[in-house]
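Student: I would like to go through the terms used for this protein and see how each one is justified.
Tutor: Then let us set values against definitions, one at a time.

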Amino acid sequence: MNFFEDFPKPEHVEQGKNVKFVPPPWVGPPQDELPTVMHIGQFLHRSPNLVLLVKSAEIYTTGCSFDLAWIIRRVDESDEEWTMLHASVFQHGPGMGPTSEDRQLLLGVQLPDGGSARTGIFARSSFLNLKDQPEAPTLAFRGGGGSGNDDEVSASGNLWLWPLPADGDIRLLAQWKGLGVEECSIVIDGTQLSAAAASVQSLWR
């Protein structure tokens, strides 16, 4: 008899159905919608060596996602200073570890009804609980990508706001004290977001 045939055959185990994961609306945008894209094109901060900008917004029926980018140019920083700055942008490097709020890019929103929310791009978001619905509104940073060299570093990400805000002025705020950016903001017309939501399409008919 063949050596391997002498071993007992494993019993067949019925596999359960692999159910598709559907994230709750406060975590991110619906997976079955084609959003309406609205151009924003505004600077949250602009200086000779750093720009922080909001490119556009993707509007869904449950909320909206703001497309952010930031670019930092080297001016007169030493090699050591540039290495530390590069590390603070991507949150890595020797001795960085968990960062303080002064070193973080903090982001926030103020809504027409008086509601507000904030997040830091490296902070844990308490409302990313998949079971318990948090108190609205919530703001979640969804990381993008980035790159850097000896002269420039750039990064991007998306800011998910849930739920879709009511009509009126929406103020987006930012602060990055570690890079010399004090509290700054832009105003977006929430009426345009509501109007754009009417054009959102379902992927499946």
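Student: Why is Arg74 called partly exposed?
Tutor: This is a predicted model, and in it Arg74 has a relative accessible area of 23%. Partly exposed lies between the limits of 20% and 50%, so Arg74, at 23%, is placed in that class.

Student: Why does Asp79 count as exposed?
Tutor: Its relative accessibility is 57%, and because exposed means over 50%, Asp79 falls in that class.

Student: What makes the pairing of Asp79 with Arg74 a salt bridge?
Tutor: The closest N and O atoms of Asp79 and Arg74 are 2.8 Å apart; the rule asks for a side-chain nitrogen of Lys or Arg within 4 Å of a carboxyl oxygen of Asp or Glu, and therefore the pair qualifies. By this rule the count comes to one salt bridge.

Student: How do you know that Leu34 is open enough to belong to a surface patch?
Tutor: Leu34 has a relative accessible area of 43%, and a patch residue needs over 30%, so Leu34 passes that cut-off. Leu34, which sits in strand E1 (residues 33-34), makes a nonpolar surface patch of about 360 Å² together with Leu203 and Trp204.

Student: Which residues have the most contacts inside the largest nonpolar core?
Tutor: They are Phe66 and Trp70, in a core of 38 residues. Beyond its neighbours within four places in sequence, Phe66 is in contact with residues including Ile40, Val54, Leu161 and Ile188. Apart from this core lies another, of six residues, among them Tyr60 and Trp160.

Terms used. Residues numbered from 1 in each chain as written. Predicted model: local features only at pLDDT ≥ 70, side-chain atom pairs only at ≥ 80, totals over all residues. Heavy atoms only, no water. Patch = residues over 30% accessible without salt bridge, like charges linked within 9 Å, V, L, I, M, F, W, Y side chains within 5 Å. Areas by Shrake-Rupley, 256 points an atom, 1.4 Å probe, with all protein chains shown as cover. Helix = DSSP H or I, 4+ residues; strand = E, 2+ residues; numbered from the N terminus. Buried < 20%, exposed > 50% of the residue type's maximum accessible area, 1.4 Å probe, protein only. Core = buried A, V, L, I, M, F, W, Y, C linked by side-chain atoms within 4.5 Å. Contact = heavy atoms within 4.5 Å.
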